[in-house]
Amino acid sequence: MPRVPAHLRERALGMLQGGMRTADVARAINCNVRTVRRLRQRYRETGRTADRPRSGRPRVTTPAQDRYIRTSHLRDRYRMATTTARVTPGTHNPSISAQTVRNRLREAGLRACRPVVRQVLTRHHRQQRRLWAQTHRRWTRQDWQKVLFTDESRFCLTRGDGRIRVYRRRNERYTEACTLERDRFGGGGSVMVWGGVSQHHRTELVVIAGNLNAVRYREDILLPHVVPFLQAHPDMTLQHDNATSHTARSVRDFLQDRNVSVLPWPAKSPDLNPIEHVWDLLDRRVRARA
């Protein structure tokens, strides 16, 4: 019997029990007369209107091949589905399709995602990160409340991630609706900002025009923003990463002359800075702008 929705089967059965003719019922639910007859016969024999279990489309891979597909992609996480499909014979075909491989991987809980990009850490970097963690593992919540986490971040104001796609017809390449305006040399496509946060406080969001060097970091950020903030909260400790503008001798002497306590920071450790979550939230809001 063709697939008829369950509510239509119940409706057809009620019409038949109400005394309607088979042809009238078939016309009412828009199906063949034989379908209504088989529905009535099945209800008389089984007391149900549901279809009999069906085998469905036969699988083109065996359980052993399913395990091979899963194991191959667990051993090599960057293995392409097309590569596995070429070397896997099918039940009826010389090879299976790449979509079949993706289906088997999805059944095993493996989905294709973009990998997370992280810093390249050498052995020395790992040792320094471990030493930093061991040094501060006994810090309490009250200790971390006294740290001002600061950082700079650059935000793209245009959709310049290289993944823009436009749907167009033939000969519509240069139409206004299918072109994207962008000034490659005029600037204005991104903006760099600086900010600082702690558990109970935050600084102003400072817009940085151009590149940031040690002189500009000292004159435009530390002197007008960081030093007054730390003077108002003398128990706070400054945190900034190991960027060249932060570790320059002039900057270190400037902070030392003003008795600014600086938290030691391991190299290549942006993941340890909680302000990254603030930048992520701000980036999502910027991208959501029309």
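Helices, of at least four residues, and strands, of at least two, are taken here as DSSP runs numbered from the N terminus. In this predicted model, the chain holds twelve helices and four strands.

**Overall form**

The radius of gyration of the chain is 33 Å, whereas the globule rule gives 19 Å for 290 residues; the chain is therefore more spread out than a compact globule. Along the principal axes, the C-alpha atoms fill a box of roughly 100 × 50 × 50 Å. Of the 290 residues in the chain, 30% are buried. When contacts between residues at least 6 apart in sequence are considered, 62% join residues at least 24 apart.

**Surface and charge**

The chain exposes about 21,500 Å², and carbon and sulfur atoms supply 49% of that area. The chain carries 57 positive and 26 negative charges, and the mean positions of these two sets lie 14 Å apart.

**An annotated region**

According to an unreviewed UniProt entry, residues 66-137 bear the annotation "domain: Transposase Tc1-like". Over residues 66-137 the chain is 54% helix and 0% strand. The C-alpha atoms at the two ends of this region are 45 Å apart.

**Individual residues**

Most residues other than glycine have a negative phi. Asn30 has a positive phi, near 60°, and is not a glycine. Asn30 is found in the loop that runs between α2 (22-29) and α3 (33-46). Lys268, likewise a residue other than glycine, has a positive phi of about 55°. The loop that holds Lys268 lies between α11 (249-257) and α12 (275-287).

A further residue, Arg289, lies in the segment after α12. The C-alpha atom of Arg289 is separated by 9.0 Å from that of Leu157, although the two residues are 132 residues apart along the chain.

The accessibility of these residues is listed below.

| Residue | Relative accessible area | Class |
|---|---|---|
| Asn30 | 71% | exposed |
| Lys268 | 38% | partly exposed |
| Arg289 | 56% | exposed |

The classes follow from two cut-offs: a residue is buried under 20% relative accessible area and exposed over 50%, and partly exposed in between. Asn30, with a relative accessible area of 71%, is therefore exposed. Arg289, at 56%, is exposed because its value is over 50%. Lys268, at 38%, falls in between the two cut-offs and so is partly exposed.

Note on methods:
Residues are numbered from 1 along each chain as its sequence is written. This is a predicted model: local features need pLDDT of at least 70, side-chain atom pairs count only at pLDDT 80 or more; totals for chains, interfaces and linings use all residues. Side-chain values use heavy atoms; hydrogens and water are left out. The radius of gyration is taken over C-alpha atoms; the globule rule is 2.2 Å times the number of residues to the power 0.38. Buried means under 20% relative accessible area, exposed over 50%, partly exposed in between (1.4 Å probe, protein chains only). Contact means heavy atoms within 4.5 Å. Accessible areas come from the Shrake-Rupley method with a 1.4 Å probe; for residues, only the protein chains shown count as cover. Lys and Arg count as positive and Asp and Glu as negative; His and the chain ends are not counted. The place of a charge is taken as NZ of Lys, CZ of Arg, CG of Asp or CD of Glu. UniProt positions are given in the numbering used here, feature names are shortened, and annotations may be inferred rather than shown by experiment.
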